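Please open the structure in a viewer and keep the sequence panel visible. The tour below proceeds by selections, and each stop states what is to be found there.

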Amino acid sequence: MAAVTFEQATRTFPQSERPAVDSLDLTIDDGEFMVVVGPSGCGKSTSLRMLAGLEPVSSGRVLIDGVDVTGRRPRDRDVAMVFQSYALYPSMTAGENMAFALKNLGVGAAEIKSRVAEAARILQLEELLDRKPARMSGGQRQRVAMGRAIVRDPKVFCMDEPLSNLDAKLRVSTRAEIAALQKRLGTTTVYVTHDQTEAMTMGDRVVVLQDGRLQQIGTPSELYERPVNTFVAGFIGSPSINLLDGVPVRDGRAIVAGSLQIPLPAACAGLASVTVGVRPEGVDVAGTDPGAGDRLSTRVLRVERTGAELFALVEPLGLSDGVTHRGDHLVVRLDKRLAVEEGAELSLRIHLGEALLFDADGAAVR
Amino acid sequence: MTTTQAPAEHTRRLGRVGGYAGLLLVVLVVALPLYWILISSLKERPDIYTVPVGWFPDPLILDNYSAVGSGVAFTDYLRNSIIITSALTVIQVVLGVLSAFALAFLRFPGRSLVLLFVIGSLLVPNQITVISNYALVAQLGWRNTFTGIIVPLAGVAFGTFLMRNHFLSLPREIIEAAEMDAAGPLRMLWRVVLPMSWPTLIAFTLITIVNEWNQYLWPLLIADDASVAPLPVGLAQLQDTQGLTNWGPVLAGTVLTMLPILLIFLALQRHMIKGLTAGAVKG
C-alpha cells in the first residue's frame, strides 16, 4: 500500500502540439479509491499509463510511496493493471494467467499456489482455474484479470475502464464487487472510466479531467453539489444539469424570467450576466399560486418514464431577453405518479437554494 | 411447376463457371509439368520419347530410380541437403524471430534505421552480392565446406520483416500486461508472443525450408564435389551425365528431391495458408 503523487506530470505525444496530460498535480492517499473520469481524449488513460510506467512522462514526476518512479520500468514499480480488454494471455489457463507475474518475480511454487487459490476463492474462480480465456464469458475473463492483479499484492492497482466490455446488468453488480474488494484489500486504487455513474458510486474521491487538465477533485457529492465550473456540472449527473446562459443580473438577482429571480451572493456583484444551472431533480410541479420569484412556466415536449422515474423534456416559456439554454430542451425529474401530458403547459417551482451559478467564463460563483 | 431464373442469379452462375474454368487452367499449368515428370520417371527409356504422348506409363518400371544412385552419389547429396537446409532453417528462424521481436517491442536508439536497413537489403538481388561473397569466402578458405555454403546464406531479411509485422499486429495490451507482470524479453517472447504467433512462424519456417532446399547457384559456386553439394547441384550433375540421352534417371532424381519437401508441405499447409493471410491482412 502506498500513496501516489503526480507532480506537474505532463505527457506530450510526438507530432502533437497540445499535451495529452498537462501539468497534472494530484495526490492519492494510501488505500484510497480514486476515480479518474472525463470524456474520451481527456487524458485519463494516459495519466493512468504514466503511473503504470507504460507511457513516458515528458516532464514532471510520478511518485509512489514517496519514491520517484518516473524513469522506472513498469515491472519495477510494483503496480498491477487491469486492462479494458482484460489482456489475458490466450495460451495460458486462468490459473497460469494469475501465476505468471509471481513466477517472473521468482516467488516459490508453494506460495504461488496458495496466493492463486486465495485470489480464486475471493473472486469465485475456483472452477475456472484450468480453463483458457477463449472458453470463458466476458464476466469470467474480467474476474481473471482482477485476479491477476490481486495475486501480486501490489502497492497500487491501476484499472483502465475494466467494466466497459460487460453488459449493463453485469456491470452494475461487478461495480459493487470491485468497490467492496478494494475496501477489503485496502490497496490504493486508481480507476479510470468515462462513465460518471461508476465515478459517483465507486470512488472515495473523483478527479475530473478535460483536455488533459485537471478540472476538479473531490468526493462524489462535492462534485455534484459544488462543481467548480460548467464542464464539471455538465459532466457529473445523469441526466445532465440544465444550463441557462446569458441570464441578466439586476439588483442582486439573476432574472431568468419575470417569475424566476434568483438572489445572488455578494461575489456576483460586478457581473452583468451569469449562467444558471438547475439539476433535473431541483424542481417540483408548482401549484397555481404566484410563488416567490421561484416559478418557471414551461411546455412539455416529451415524457420519458423509466419505471421508477419520470423525466419531462420541457421548453421554458417567458425567459428574459438574451437567455438561452444549452440543448434543445430542459430535463426535469418529476414524481412518477403525476399525469403529465405532452404539449401541456407546466408551472415548475425551482429550489432556489440548489441552483448553481457560474460567471460568463463558466467558473462557479458562490 | 416451372421456376423462372432471375437475371442476377444467371450471371452469378456464369461467373462461378468462369471462375472454376480459370482455376482449372491454373491447376493444369502447375500440375501438368509435375505429372509429366512423375510419369516419365516411371517409363522405359524409349517410351519417354514416343509420339503421341502416353499419359500413363506402360509398362510401369522403377529402374530409373535405381539408376539415380548409380549415376551420382545421390545419398551424399541428400545428406548435404538435409544438413544445409536444417542449419539454415534453424539459424534463419531464430535470427528472424529475435530480430523481429527487438524491432517490434524493444525501444532502442536507431530502431527505425535498422528496420530501413533490413527492408533495403530485401531490395538487393542475391546475384549482385555473389562475386564479392565468393571472393570473401575463398579468402577465408571456406571453399568446398559447409561453413562456406551456410554462413553467407544465413542472413535473414524477409523473415524479420514478416515476423515484425505480425508481432505488431498482436494486441498491444497483452504485451503491456506481460511488461507489468515483470516478464523479461525472452520470457515474454517464449510464453506470451510466440504462442500467439505459431501460424505465421510455421509459414516463415516452411518458406525458409523450401527456399534453402532449392538453393542452387551459391552451393554450385562453392562446392567442388559431392562432399558438400546439395541435391539441386547433384541433379544438374545427373543431367550432365545422363540427360542428353537418358531423361528417366534425371526425372526420377527430381521426384526424389521434391518428395521430402512435398511431405512437409502437405503436413503443414493448412497452418501455412492461415498464417500467411494472418500476417498479410493484419500486418
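**Stop 1: chain B.** Begin by selecting chain B of this predicted model. How many of its 283 residues count as buried? The proportion is 32%. Colour the chain by secondary structure next: 14 helices appear, and zero strands. Following the sequence from start to end, one meets the pattern α-α-α-α-α-α-α-α-α-α-α-α-α-α. Chain B is more spread out than a compact globule, because its radius of gyration is 24 Å, well over the 19 Å that the globule rule gives for 283 residues. Rotate the view to see the extent of the C-alpha trace of chain B, which spans about 85 × 70 × 30 Å along its principal axes. Contacts in chain B may also be sorted by sequence distance: of those between residues at least 6 apart, 77% join residues at least 24 apart.

**Stop 2: the two domains of chain A.** Now select chain A and colour residues 4-232 as domain 1 and residues 240-358 as domain 2, in keeping with the domain assignment. How far apart are the centres of these two domains of chain A? Taken over C-alpha atoms, the centres are separated by 39 Å.

**Stop 3: an open sheet in chain A.** Select β2, β1, β4 and β5 of chain A, which form an open sheet of four strands in that order, with antiparallel pairing. The edge strands are β2 (21-28) and β5 of chain A, each of which pairs on one side only.

The sheet can be followed from one strand to the next:

- β2(A) and β1(A) run antiparallel and are joined by five bridges. To view one pair, select A:Ala9 together with its bridge partner in β2(A), A:Leu24.
- β1 (residues 4-11) and β4 (residues 59-64) of chain A also pair in the antiparallel sense, over five bridges. Here A:Val4 stands opposite A:Ile64 of β4(A).
- β4(A) and β5 (residues 67-68) of chain A run antiparallel and are joined by two bridges. Select A:Leu63, whose bridge partner in β5(A) is A:Asp68.

While the side chains are displayed, a general rule may be kept in mind: in a regular strand they alternate between the two faces of the sheet.

Remain at the hairpin of β4(A) and β5(A), which has two residues between the strands. Which sign does the phi of A:Asp65 take in this hairpin? The phi of A:Asp65 is positive, near 60°.

**Stop 4: helix α2 of chain A.** Select α2(A) next. Is this helix mostly covered or not? It is mostly covered, with eight of its 11 residues buried. The buried residues of α2(A) are A:Ala94, A:Gly95, A:Asn97, A:Met98, A:Ala99, A:Phe100, A:Ala101 and A:Leu102. Add α3 (109-122) and α4 (138-150) of chain A to the selection, since these are included in what covers the buried residues of α2(A). Then move to A:Gly106, which follows α2(A) and has a positive phi, near 80°.

**Stop 5: where the chains meet.** Finally, display both chains and select the residues in contact: 17 residues of chain A with 14 residues of chain B. Which elements of chain A give two or more residues to the side that touches chain B? They are β6 (79-82) and α2 (94-104) of chain A. Colour this side of chain A by residue type, and its residues divide into 13 nonpolar, three polar and one charged.

Note on methods:
Residues are numbered from 1 along each chain as its sequence is written. Chains are lettered from A and ligands numbered from 1 in the order in which they are written. The radius of gyration is taken over C-alpha atoms; the globule rule is 2.2 Å times the number of residues to the power 0.38. A residue is buried if 20 or more other C-beta atoms lie within 10 Å of its own, exposed if 12 or fewer, and partly exposed in between; C-beta atoms are placed from the backbone. Two residues are in contact if their C-beta atoms, placed from the backbone, lie within 7 Å. Two strands pair if DSSP finds at least two bridges between them. Ala, Val, Leu, Ile, Met, Phe, Trp, Tyr, Cys and Pro count as nonpolar, Asp, Glu, Lys and Arg as charged, and the others, Gly among them, as polar. Domain bounds come from an automatic or database domain assignment.
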